[in-house]
Amino acid sequence: MKSYAYTFSYKQGTSLIHRLPSWIKILSIPFLSILFFNLNPVVILAFFFFQIALCFYCKITIKEQLKDLRAVLYYALFLLIAKIAGGFFSNAFSDLKNFTSLNEYMFFIRDFFKAERESGILLLKLLCVMQSASIMFKTSTTLEIRNGLEQIELALKKIFRKLFFIKKTDEKLSTPVSQVLSIFICFIPQVSRNWHLIKTAWLSRGGKKNLKMLTTLLPVLFTVSMKDAWTLSRAIQIRG
């Protein structure tokens, strides 16, 4: 039976990206994000296609990529609907009734998307940022992410001690920040898994995908997720 791929879940593999130390992948996300928002749109578009090719190299399917990118895609759809609705309310589309040929409609659509060029570039940048995070999650286990965050925090603490001439002690350095961040980051695929299981149970009992499903299942998802968070926090407390 083929396993269901949850949002930002680990994809088993042996590629070079899988074997890359997790701390490098974690640090690359903020670096690339800053880079994306300062590069030429043509370069960003080329890099986006490179990311897609990289996903194929890591055996990440198109369906799995779309699942991780759908938040940006929903945002793009929302912007498009809001722009069209705003155009009708502001009478920006009042000239449409005077068009008599298909070419006039085509020119109008072309001009409409030209005017939204900046929004399109912003969405492309967001897609690249989201794709970078997706690749990190797909090629790193939760344990690897946690270890990577701990390595970064420990390195920063050592640098901080050297800069401010703090004396070394025999006490082992703790990593409270990385523990909190790792719980937050690793909880994203867990929430996706909970939602899939709850929705599957709803549909298997004859439920339909409608507003009632959301109003019924979202409180359940919140309860289950809070229980998982409490269990995880208790486990961390017990382990010290």
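**Calling things by their names**

Of the 240 residues in the chain, 30% count as buried. This is a predicted model, in which local features need pLDDT of at least 70, side-chain atom pairs count only at pLDDT 80 or more, and totals for chains, interfaces and linings use all residues. Residues are numbered from 1 along each chain as its sequence is written, and side-chain values use heavy atoms, with hydrogens and water left out.

Colleague: What makes glutamate 64 buried?

Modeller: Buried means under 20% relative accessible area, exposed over 50%, and partly exposed in between (1.4 Å probe, protein chains only). Glutamate 64 has a relative accessible area of 10%, so it is buried.

Colleague: And why is lysine 11 called partly exposed?

Modeller: Its relative accessible area is 21%, and partly exposed runs between the 20% and 50% limits, so the label follows.

Colleague: How do you know that glutamate 64 and lysine 11 meet in a salt bridge?

Modeller: A salt bridge needs a side-chain nitrogen of Lys or Arg within 4 Å of a carboxyl oxygen of Asp or Glu. For glutamate 64 and lysine 11 the N to O distance is 3.1 Å, so the pair passes the 4 Å limit. Glutamate 64 lies in helix H4 and lysine 11 in the segment before helix H1 (16-19), so the pair ties together parts 53 residues apart in sequence.

Colleague: What makes lysine 157 and glutamate 153 a salt bridge?

Modeller: Their closest N and O atoms are 3.8 Å apart, so they are within the 4 Å cut-off. Both lie in helix H7, four residues apart, about one turn of the helix. Glutamate 153 counts as buried at 9% relative accessibility, while lysine 157, at 26%, counts as partly exposed.

Colleague: What makes H7 a helix?

Modeller: Helices are DSSP runs of H or I with at least four residues (strands: E, at least two), numbered from the N terminus. H7 spans residues 142-163, so it meets the minimum of four. The chain has nine helices and zero strands.

Colleague: Why is leucine 156 called exposed?

Modeller: Leucine 156 has a relative accessible area of 54%, and exposed means over 50%, so the label fits.

Colleague: Which residues form a nonpolar patch with Leu156?

Modeller: Ile159, Phe160, Leu163 and Phe164 join Leu156 in the patch, with about 550 Å² of accessible area together. Patch residues have over 30% relative accessible area and no salt bridge; nonpolar side chains (Val, Leu, Ile, Met, Phe, Trp, Tyr) are joined within 5 Å, like charges within 9 Å. The areas come from the Shrake-Rupley method with a 1.4 Å probe, and for residues only the protein chains shown count as cover.
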